[in-house]
Amino acid sequence: PHCSYPIALLLKYFQPRTLVDIVCCVLSECRVLFHSVELSRLPAVCEALRTLIYPLKWTHVYLPVVPIHLLDLIEAPVPFMLGTHSEWLKFIHPEDLVDI
C-alpha cells in the first residue's frame, strides 16, 4: 500500500525491538500513545504503522495529533492510537497512563 511517509522513519525513531513491541501492541488492539517534542513526527509514525500492519486496518480511535484540550481521550476504555506533544504529558494524570 501507498504511504505518504516512509516506513524507514519508524526505524529512525525506534530501536528494532521497540518497534516490534509497538507493532504487537497495535495488532493486539492496545491503547497506544505516542509523544514527541516535534508534532510533525507524530503523523509520520502513526501512518507508517498503519501501513506496516497492512492488510489489516486500524479501525479504532485514530488521532495522530491530539490537541491539548482533547487529552481526556486518554481515559477512553477503547483501543486508540494517539499522538501528543511531550510537554503536554504533564497534564495527564499518571494513573491514566498505567495501561497505555
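This is a quick tour of the largest pocket in a predicted model, with a look at one residue and one helix beside it.

## The largest pocket

Let's start with the empty space. The largest pocket holds about 170 Å³. Its lining is made up of Tyr13, Phe14, Leu33, Phe34, His35, Ser36, Arg41, Leu42 and Val45. Sort those residues by character and you get six nonpolar, two polar and one charged.

Two elements each give at least two residues to this lining: strand S1 (31–36) and helix H3 (41–52). S1 has the largest share, with four residues.

## A look at serine 36

One of the lining residues is Ser36, and you'll find serine 36 in strand S1. Is serine 36 buried or exposed? Its relative accessibility is 8%, so serine 36 counts as buried, the cut-off being under 20%.

What does the side chain of serine 36 reach? It comes to 3.0 Å from the backbone nitrogen of glutamate 38. Leaving aside residues up to four places away in sequence, serine 36 also touches Arg41, Leu42, Thr84, His85 and Ser86.

## Helix H3

Now for the helix. H3 runs for twelve residues, and from first C-alpha to last it reaches 16 Å, close to the 16 Å expected at 1.5 Å a residue.

Quite a few side chains here are tucked away: Leu42, Ala44, Val45, Cys46, Ala48, Leu49 and Thr51 are buried in H3. What do the buried residues of H3 pack against? Their partners are helix H1 (8–13), helix H2 (16–27), S1, strand S2 (61–63) and strand S3 (80–85).

How values were computed:
Residues numbered from 1 in each chain as written. Predicted model: local features only at pLDDT ≥ 70, side-chain atom pairs only at ≥ 80, totals over all residues. Heavy atoms only, no water. 1 Å grid on protein atoms, 1.4 Å probe; cavity = no way out; pocket = protein on both sides within 12 Å on 5 of 7 lines; lining within 4 Å. Points joined across faces, edges and corners; volume = space filled by probe spheres on them. Nonpolar A, V, L, I, M, F, W, Y, C, P; charged D, E, K, R; others polar. Buried < 20%, exposed > 50% of the residue type's maximum accessible area, 1.4 Å probe, protein only. Polar contact = N/O pair within 3.5 Å; in protein donor to acceptor, adjacent residues only side chain to side chain. Contact = heavy atoms within 4.5 Å. Expected span 1.5 Å × (residues − 1).
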